[in-house]
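Welcome! Please take a moment with the sequence and the structure below before reading the short tour that follows.

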Amino acid sequence: MSKHASIEDAEASGKYIRRIRSFVKREGRLTKGQAGALERQWPKLGLEHQAEAIDLKAVFGRSAPVVLEIGFGMGKSLVEMAKAAPDQDFIGIEVHRPGVGACLLEAEEQQVENLRVYEHDAVEVLADCIADESLSTIQIFFPDPWHKKRHHKRRIIQPEFVQQLRKKLKPGGILHLATDWENYAEYMLEVMQAAEGFRNLATDNAYVPRPDHRPLTKFEARGQRLGHGVWDLQFERIA
Ligand SMILES: C[S@@+](CC[C@H](N)C(=O)[O-])C[C@H]1O[C@@H](n2cnc3c(N)ncnc32)[C@H](O)[C@@H]1O
């Protein structure tokens, strides 16, 4: 468990070695609706990045399987999933503030309560706030593809990162990835096939059909309009 007082301290002590970020912070404007939802809902649903693991039972007031989503965008599909699975708890992480506001607004409108959100870099939240072997599922849908080859190092799916993810899953837990960028899908498959401690749930050892519980996201709908394919990968933690 990390004991650094702040990210700056942690950086100074060399804790975060992976400084190549998977995102560029955009200071997008908040709509009135998003700002209002942040004000009303953050005290209820917001989680602050801190230097120690959160107590999931205390946060949700019960013991239930916990699904973590990294980079939920505007949060529409995350809220839809949380609403459709009231027997599970959901945590979303997103760096884009208008997205967090949009997600909270949607949660408010849908009266979803089995959801908490971080507005922070998922790499740091995972390292500092999420206990090992605590999650039933981790999902990363349509992560930024970083098209140019010289930017591929920014892709969030990397061998070291998937081992971080594996540690946070309970044995038998699932890592679910989806992308509409074929080159990234191939890269994800390559990384996951080489990753220790995972088993591919695809019958042909490649991609799985989109599971019914994953709603169509905004990016996916756009991809479909552009005639892109979509690739889902599901891997189980076996060690
Ligand atoms: C291409 S968008 C996809 C959003 C959403 N999953 C969807 O399908 O509509 C990728 C999102 O991941 C977020 N993101 C990228 N790196 C992140 C990180 N390290 N921590 C949290 N969010 C991140 C970005 O801000 C962006 O909103």
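Does K148 count as buried or exposed, and why? K148 counts as exposed, because it has 8 C-beta neighbours inside 10 Å, and a residue is called exposed when 12 or fewer lie within that distance. Please keep in mind throughout that this is a predicted model.

## One set of annotated positions

K148 is a good place to start, since an unreviewed UniProt entry lists it under the feature "binding site", together with D180, T217, K218, F219 and E220. In the model, K148 sits in the loop that links β5 (135-141) to α7 (159-168).

D180 is also in a loop, the one between β6 (169-179) and α8 (182-194). D180 counts as buried, because 21 C-beta neighbours are found inside 10 Å.

## A second set

The unreviewed UniProt entry also gives the annotation "binding site" to E69, E94, D121 and D144. These positions are spread over 76 residues of sequence, yet they cluster in space, with a largest C-alpha distance of 14.2 Å.

Let us visit two of them. E69 belongs to strand β2 and counts as buried, because it has 26 C-beta neighbours inside 10 Å. Apart from neighbours within four places in sequence, E69 has contacts with L78, F90, G92 and Q139. D121 is in the loop between β4 and α6 (122-129). D121 is buried too, because 20 other C-beta atoms lie within 10 Å. With neighbours within four places in sequence again left out, D121 is in contact with R21 and V95.

## Around the ligand

Which residues come nearest to the ligand? Of the 22 residues around the ligand, they are G71, G73, A122, F142 and T217. Two or more residues of this shell are given by each of β3, α6 and α9 (218-225). T217 is a name to recognise here, as it is also listed under "binding site" in the unreviewed UniProt entry.

What is the make-up of the shell in nonpolar, polar and charged residues? Twelve residues of the shell are nonpolar, six are polar and four are charged.

## The sheet

Now step back to the strands. Eight of them form an open sheet with mixed pairing, and their order is β1-β4-β3-β2-β5-β6-β8-β7. The edges are held by β1 (46-47) and β7 (198-200); each has a single partner strand, so one side of each is left without a neighbour in the sheet.

Looking inside the sheet, β3 and β4 run in the parallel sense and pair over five bridges. I93 stands opposite Y118 of β4.

## Helices against the strands

Several helices pack against these strands. α7 packs on the sheet, where it touches β5, β6, β7 and β8 (231-237). The direction of α7 makes about 135° with that of β6. α8 lies across β6, β7 and β8, and runs at about 15° to β8.

Finally, look at helix α4 (residues 76-84), whose buried residues are S77, L78, V79, M81 and A82. These buried residues pack against the strands β2 (66-70), β3 (89-94), β4 (115-119) and β5, and also against helix α5 (97-110). One of them, L78, has appeared already: it is in contact with E69.

Technical notes
Residues are numbered from 1 along each chain as its sequence is written. This is a predicted model: local features need pLDDT of at least 70, side-chain atom pairs count only at pLDDT 80 or more; totals for chains, interfaces and linings use all residues. UniProt positions are given in the numbering used here, feature names are shortened, and annotations may be inferred rather than shown by experiment. Helices (H or I, at least four residues) and strands (E, at least two) are DSSP runs, numbered from the N terminus. Two residues are in contact if their C-beta atoms, placed from the backbone, lie within 7 Å. A residue is near a molecule or strand if its C-beta atom, placed from the backbone, lies within 6 Å of it. Ala, Val, Leu, Ile, Met, Phe, Trp, Tyr, Cys and Pro count as nonpolar, Asp, Glu, Lys and Arg as charged, and the others, Gly among them, as polar. Two strands pair if DSSP finds at least two bridges between them. Axes are lines fitted to C-alpha atoms, for helices over the stretch in contact, and angles run from 0 to 180 degrees between N-to-C directions.
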